[in-house]
Amino acid sequence: LEFDRLREAWAALQRQFSGKRPRAFDNNPKYIVAMTDIATRLVAADLMLKSGRTDAARESLEAIRGALYDLRKSAGVTVLAEITVDGAADGAQAKAIARRIATSPLVKTALFGHDANWGRVLMAAGSAPYNGGYAEIDEGRATLAYNGTVVYERGTPTGVEPDVSGPSCTIALELGLGAGSASYLTSDLSLDYVRINGDYRS
């Protein structure tokens, strides 16, 4: 499951940068090396898992996470976050919710400020477009955790402040509605990211 989510995050990253991308990536050796390294390691990790070499596969997954972070950092990113949504009504709605959280400017700026702002995450989840309306979510059933620390449990804030001071974090949302799950890789919205992408005209 961990590998599948990382592979899905990588696919999302490829889609994001397959078309127009920040000039910081143009002819950038770090970008080219990172893209090649990640693709190679994903194949290797897949083979390791199929052959039962779980420890080696786990080491490869950690290396992939590091390469993904290096790739984002070259465009002014300071925090990399993995969004996971479980327990959604179905897979399609899980993807819609994960994507909405990952692309929310308020969630991304909270990441830049190293703020475990559960309210912004739930607000984004509740406004995820789906099938002409919004994806299903029941705040009374939802549980949200940052880096494994639960900050919101079945409709009630826990009052616990997780450590999100590092360059990466996980945001896990359990909806308690069904079997749908999805993940999305995102980053913060930093001052350098705005500067890099605002310093040129396309």
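## Close-ups of a predicted model

**View 1. The largest nonpolar core and its best-connected residues.** The largest nonpolar core has 31 residues, and those with the most contacts inside it are V85, I97, I101, L144, Y146, I171 and L173. Such a core is a set of buried Ala, Val, Leu, Ile, Met, Phe, Trp, Tyr and Cys residues joined through side-chain atoms within 4.5 Å; buried means under 20% relative accessible area, exposed over 50%, and partly exposed in between (1.4 Å probe, protein chains only). Two or more residues each come from β1 (80–88), α4, α5, α6, β4, β5, β7 and β8 (180–187), and α4 gives the most, with five residues. Helices (H or I, at least four residues) and strands (E, at least two) are DSSP runs numbered from the N terminus.

This is a predicted model, where local features need pLDDT of at least 70, side-chain atom pairs count only at pLDDT 80 or more, and totals for chains, interfaces and linings use all residues. Residues are numbered from 1 along each chain as its sequence is written, and side-chain values use heavy atoms, with hydrogens and water left out.

**View 2. I101 and its neighbours.** Leaving aside residues up to four places away in sequence, I101 touches I83, V85, V107, V121, A124, A125 and L173. Contact here means heavy atoms within 4.5 Å.

**View 3. The buried side of α6.** Helix α6 (residues 118–126) has V121, L122, A124 and A125 as its buried residues. They cover an arc of only 160° around the axis, so they sit on the same side of α6; the arc is that of the directions from the helix axis to the C-beta atoms. Among the elements covering them are α4 (91–103), α5, β4 (143–146), β5 (149–153) and β7 (168–174).

**View 4. K108, buried with no salt bridge.** K108 belongs to helix α5 (residues 105–112). The nearest side chain of opposite charge, D188, is 6.9 Å away; a salt bridge needs a side-chain nitrogen of Lys or Arg within 4 Å of a carboxyl oxygen of Asp or Glu. Lys and Arg count as positive, Asp and Glu as negative, while His and the chain ends are not counted. Not counting residues up to four places away in sequence, K108 touches A102, T103, T186, S187, D188 and L189.

**View 5. Positive phi at N147 and R154.** Most residues other than glycine have a negative phi. N147, in the loop between β4 and β5, has a positive phi of about 50°. R154, in the loop between β5 and β6 (156–157), has a phi near 45°. N147 is partly exposed at 34% relative accessibility, whereas R154 is exposed, with a relative accessible area of 58%.
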